[in-house]
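Biologist: I should like a close look at a single part of this model, namely one of its sheets, with the surrounding elements brought in for context. Please explain how the strands are arranged and paired.

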Amino acid sequence: MQFVTQLRLLLAAILCGGCCVQAAYGVTLTWTGGGDGQSFNQLANWSGTPTGGFINSSNLVDTYVVDTATGVITSSTTIAFRAGGGLIQSAGSLSILNGNGVGVLETPDSIGSITISNGELSTQYLAELEVSLGQGALLTLSGSGNPVNESVVDISDLSASIHFLAESSANVLSEHLNKFTVFGSSPVVGVNLSVTDDGSGGALVAPLLVEPPSVKLQVDRDSGEMTLVNLTGGDISFYEYDIISIAGSLDAAAWTPIAESTDAVSNGGDGSVDADDAWIRFSAPGSRTDLAEGTFGELTLANNAELQLGNAWITSPFEELEATLSLTNGSYLSVEVVYLGTEILAPIQVGDFNADGRISADDWPLLRSNLFASVSSLLPVDAHAAGDLDGSGTVDEYDFLLFEELYDATLGPGAFARMASGVPEPSSVCTILVGSIVVLSSMSRRLTPSTSCRS
Ligand SMILES: [Ca+2]
Ligand SMILES: [Ca+2]
Ligand SMILES: [Ca+2]
């Protein structure tokens, strides 16, 4: 948000040519109450000299600080903070009277800022403002319709709240939710934000303690089964999900999408997951890096409900899936990915090429059959399964020595040499080569030069 403000300021300065640059932006005025002790617009109530020499409520380009206990500061006109201008309030109350607001809509946008902690601001509306509500902050909006006009309100403390006097909780949910962030994240009602009626036609908005795991993607290391589970305590409605793996851990052929499977009968589904909407696959058939699908409708997953996505995870040391839900309220929900297993309890070890949960003789043929092959064009998951233990892009003597070390560390000194020399070898060339590597490595630990080994 800060960055956006800076960008806007820079852009404004460029667009205005020299005129903006010459203006003395950034003066700070601090409330003293030395005038009538009440009027925002009275210069004598502030220390410091504003840009232009007087408080121009329709164009506030300076920073106004209220940091001492005070009565109610009032303004009977709209106070329009522009880019570079803002209010920092850590005490007292500021009340904008007679149906006026804070900020003004204009083109191009000129975003001001308001930061409140341990203070109250009452106004009919906000316009083009970045608002941060910290500890003890109360923002009261008396307007109906659109009292948050193009503003973004971040709620950054559990004791901060917003009171809409003329908008019901239903209005807030349908019209204003996307203007909030909660601790910098998108709001998810019931997860990090509560929106309730105030009993008088208005609504109260307050942050909730963010419970860790809200929606989880459970990934079974044994079977590769992926299951989306809603543990938010409430319904989650979404129209798209995306699962990404840069390492290539996904197997689209084993995926069970909703599309043409469990969606509406009209789209070839059986209606068991989404009876009234057609789903469309967004990821390419056969994709190893992306599973995504969506609908123009929505799917509501009830609390504790699960969505089975098939055995589409390829077990490997790469536990790096990322998953996102696109919610119907316009926000994105980052899904927590959890890896589970009854056989494979811990992440697959690097060197466990067949990914069965242990380093054993079964892993050795995978490295051996690819020795001296380039695997740089493969996805990381496949390169590892081919024996590239160190991720260098080739299966070579370094992988061999590392595997030997790992094998002996797991099964005892000399275990690798005994295993490797006892395994029947289909290719005589490879037998000789591997045999000499074993001898060389165990005798001198010197590395042999790379040699092609193809049969
Ligand atoms: Ca639906
Ligand atoms: Ca293994
Ligand atoms: Ca390697």
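Modeller: Two strands are taken to pair if DSSP finds at least two bridges between them. The model discussed here is a predicted one. With that criterion, β18 and β19 form a hairpin with five residues between them. Within the turn, Gly224 has a positive phi of about 80°. Strand β18 covers residues 215-220 and strand β19 residues 226-230, and the two are joined in the antiparallel sense over five bridges. One position along this pairing is given by Lys216, which stands opposite Val229 in β19.

The hairpin belongs to an open sheet of eight strands with mixed pairing, whose order is β21-β22-β20-β24-β25-β18-β19-β23. At the edges stand β21 (279-281) and β23 (306-308), each with a single partner strand, so one side of each lacks a neighbour in the sheet. On average, neighbouring strands of this sheet are turned by 20° against each other, direction ignored.

Strands of a sheet pair through backbone hydrogen bonds, either parallel or antiparallel. Both senses can be followed outward from the hairpin. β18 is joined to β25 by five bridges, and these two strands run parallel; here Asp220 stands opposite Leu340 in β25. Strand β25 (residues 332-340) in turn pairs with strand β24 (residues 322-327) in the antiparallel sense, over four bridges. In that pairing Ala323 is found opposite Val335 in β25.

The interior may be considered next. The largest nonpolar core has 91 residues, and those with the most contacts inside it are Phe81, Ile114, Leu129, Leu133, Leu139 and Leu325. Strand β20 (residues 236-244) gives the most to this core, with four residues. In soluble globular proteins, nonpolar side chains tend to be buried together. Leu133 shows what such a position looks like: residues up to four places away in sequence aside, Leu133 touches Ile116, Leu139, Val153, Asp154, Ile155, Ser156 and Ala160.

For context, a further open sheet of eight strands has the order β2-β1-β3-β5-β8-β11-β13-β15, again with mixed pairing. Its edge strands are β2 (46-47) and β15 (180-182), each of which pairs on one side only. Strand β1 (residues 28-31) runs antiparallel to β2 and is joined to β2 by two bridges, with Trp31 opposite Trp46 in β2.

Parallel pairing recurs around strand β6 (residues 93-96), whose covered face holds Leu94 and Ile96 and whose uncovered face holds Ser93 and Ser95. Four bridges link β6 to strand β4 (residues 72-75) in a parallel arrangement, and Thr74 stands opposite Ser95 in β6. Strand β9 (residues 120-123) also pairs with β6 in the parallel sense, over three bridges, with Ser93 opposite Glu120 in β9.

Finally, a helix may be set beside these strands. At 1.5 Å a residue, the 15 residues of helix α6 (residues 397-411) should span 21 Å, and the 20 Å between its end C-alpha atoms agrees with this. In α6, the buried residues include Asp399, Phe400, Phe403, Glu404 and Tyr407. These residues cover an arc of only 135° around the axis, which puts them on the same side of α6. An α-helix has 3.6 residues a turn, so residues three or four places apart point the same way. Just after α6, Gly412 takes a positive phi of about 110°.

Conventions
Residues numbered from 1 in each chain as written. Chains lettered and ligands numbered in written order. Predicted model: local features only at pLDDT ≥ 70, side-chain atom pairs only at ≥ 80, totals over all residues. Expected span 1.5 Å × (residues − 1). Buried ≥ 20, exposed ≤ 12 C-beta atoms within 10 Å, placed from the backbone. Arc of directions from axis to C-beta. Core = buried A, V, L, I, M, F, W, Y, C linked by C-beta atoms within 7 Å. Contact = placed C-beta atoms within 7 Å. Axes fitted to C-alpha atoms, helices over the stretch in contact; angles between N-to-C directions.
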